[in-house]
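Welcome to my notebook. Have a look at the model first, and then we can go through my entries together.

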Amino acid sequence: MDEIGYKTSNAWEKIGDKEKIFSYCEGYKNFLNIGKTERECAKEVIKQAEKLGYKNLDRIIKEKQTLKSGDKVYRNIRNKAVILAVIGKKPLEDGTRMIGAHIDAPRIDIKQNPLYENTDMAFFKTHYYGGIKKYQWLAIPLALHGVIIKKNGEAVEVAIGEDENDPVLTITDLLPHLAKDQMEKKLSEAISAEAMNALVGSMPYDDKEVKDKVKLNILNLLHEKYGITEEDFLTSELELVPAFKAKDVGLDRSMIGAYGQDDRVCAYTSVTALFDVNDPEFTAVCILTDKEEIGSVGNTGAESKILEDFIADLCYLTTDNYSDIILRRCLNNSVMLSADVNAAVDPNFEGTHDKFNAAYLGKGLAILKFSGSRGKAGASDAHAELLAKIRKVFNENGVVWHTSELGAVDKGGGGTIAMYIASLGVDVVDCGVPVLSMHAPFEVTSKADVYAAYLGYKAFYEKLD
């Protein structure tokens, strides 16, 4: 039966080396604490890449240099997405080995004209970003992150609420004593999006002649600290994110609880796997995109031309007689792991999964042949031949993995960047880390799965034929 049956493995038991797992995950937790926004993630990845000798691809182009096997390059896309590559021994025409993840996460955005006063309290108006359960974001400490572009063009980075001595913001909730009407509503209707206003102050400015003294006091504090005026909010990108740091979960410290693990767990494991790849056969590429949580739109999302343009530049800089057909052949011969998280089975919520085809915490990487919803809508649905190649590489290199599906049929579903990359002609399959409480302010992963992802992604870069 062992020879003809199929049985999943426990990642802790199969990997065995708990010290390596715990050590690797300390670096991951630090990354989560540094990168609370897509801008901060991109900045940290570039910082680490440059320490390892990665060169800015746009500078190479400007200086009319060329690329050769072993060269390491990156491109910063508007400070919100990053693509990195290690040039391989084989010509680009033979294809690449790519892993793609996203570095944006569900959050609460600050509106462009946000600040107002009501009943001697000051608030920020907000607009939530991505798929959230609104009630989860009430009555928790929130940090303010982002960038403000001042009238003179100066960019001011904002991060309030992360230091132990910083104040935090919060979105208030209704006390249960007065919540009879609220609690009779559906969860999706109990909290109005327009009522999710962040409390930012209650102290009046010391001037008896002015109106909205609390609002003025907040503006004055911001002006003193950052030199900004109220009009500068119009040219800002400010986000509210949970103010707490990544923590070990469980008495055995076997799990990680943190904000933004969807999909920064796959971003970190894929980019650190790339960092440990040297002189590969095929050019190895890691793409970290923005905007996945709202449909991969915009010129920093996977639906844009950023990856195609990057690959075109690599082809041009490694080829004597470049033509468009080389790019087309490169893309059609390339393989990608769409590195996005999957919903782990939660025994507290029975019936949401087909347990024979579900992702489980502690069983390693979860390979998702298709995502989407209902009748596989919005999925690229990977070919059996591709799955066989990935299966072979993982099995031959001791990678702990299992197959999965995003919930029971007709229970919901979701998408990834896979369909957008597949439209370029690339063979793509989703492959990521199982997560509990996905899209909540505090998501949970298994440390063994995190390390299994790193091992799997590294094997993919180095070993896939």
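**Entry 1: helix H3**

I began at Gly53, which sits just after helix H3 and takes a positive phi of about 95°. I kept in mind that this is a predicted model.

Next I looked back at H3 itself, which covers residues 38–51. I found that its 14 residues reach 20 Å from the first C-alpha to the last, close to the 20 Å expected at 1.5 Å a residue. I then asked which residues of H3 are buried. My list reads Glu38, Glu40, Cys41, Ala42, Glu44, Val45, Ile46 and Ala49.

**Entry 2: salt bridges**

How many salt bridges does a search of the whole structure find? I noted 33, and I picked out a few of them to look at.

I started with Arg75 and Asp313, whose closest N and O atoms are 2.8 Å apart. Arg75 lies in strand E2 (residues 72–77) and Asp313 in helix H9 (residues 306–318), so this pair ties together parts that are 238 residues apart in sequence. I also checked accessibility: Arg75 counts as buried at 10%, while Asp313 is partly exposed at 21%.

Then I turned to Asp109 and Arg107, which form a salt bridge with their closest N and O atoms 2.6 Å apart. Are these two buried or exposed? I found Asp109 buried, with a relative accessible area of 19%. Buried means under 20%, so Asp109 falls within that class. Arg107 is buried too, at 6%.

My third pair was Glu350 and Lys355, with 3.0 Å between the closest N and O atoms of their salt bridge. Here I noted Glu350 as exposed at 53% relative accessibility, and Lys355 as partly exposed at 43%.

I also traced a network of salt bridges that links Glu38, Arg39, Lys80, Arg107, Asp109, Glu237, Glu239, Asp290 and Lys291. Two familiar names from this entry, Arg107 and Asp109, belong to that network. Glu38 is in the network as well, and I had already listed Glu38 among the buried residues of H3.

**Entry 3: nonpolar cores**

I finished with the nonpolar cores. The largest has 66 residues, and Leu84, Leu337, Ile390, Phe394, Tyr457 and Tyr461 touch the most other members. Which helix gives the most to this core? I found that helix H13 (residues 447–463) does, with 10 residues.

I looked up Tyr461 more fully, leaving aside its neighbours within four places in sequence. Its contacts include Arg97, Ile99, Ser270, Leu274 and Cys286.

Last, I noted a second, separate core of 36 residues, with Ile148, Ile171, Ile218 and Tyr226 among them.

Note on methods
Residues numbered from 1 in each chain as written. Predicted model: local features only at pLDDT ≥ 70, side-chain atom pairs only at ≥ 80, totals over all residues. Heavy atoms only, no water. Core = buried A, V, L, I, M, F, W, Y, C linked by side-chain atoms within 4.5 Å. Buried < 20%, exposed > 50% of the residue type's maximum accessible area, 1.4 Å probe, protein only. Helix = DSSP H or I, 4+ residues; strand = E, 2+ residues; numbered from the N terminus. Contact = heavy atoms within 4.5 Å. Expected span 1.5 Å × (residues − 1). Salt bridge = Lys/Arg side-chain N within 4 Å of Asp/Glu carboxyl O.
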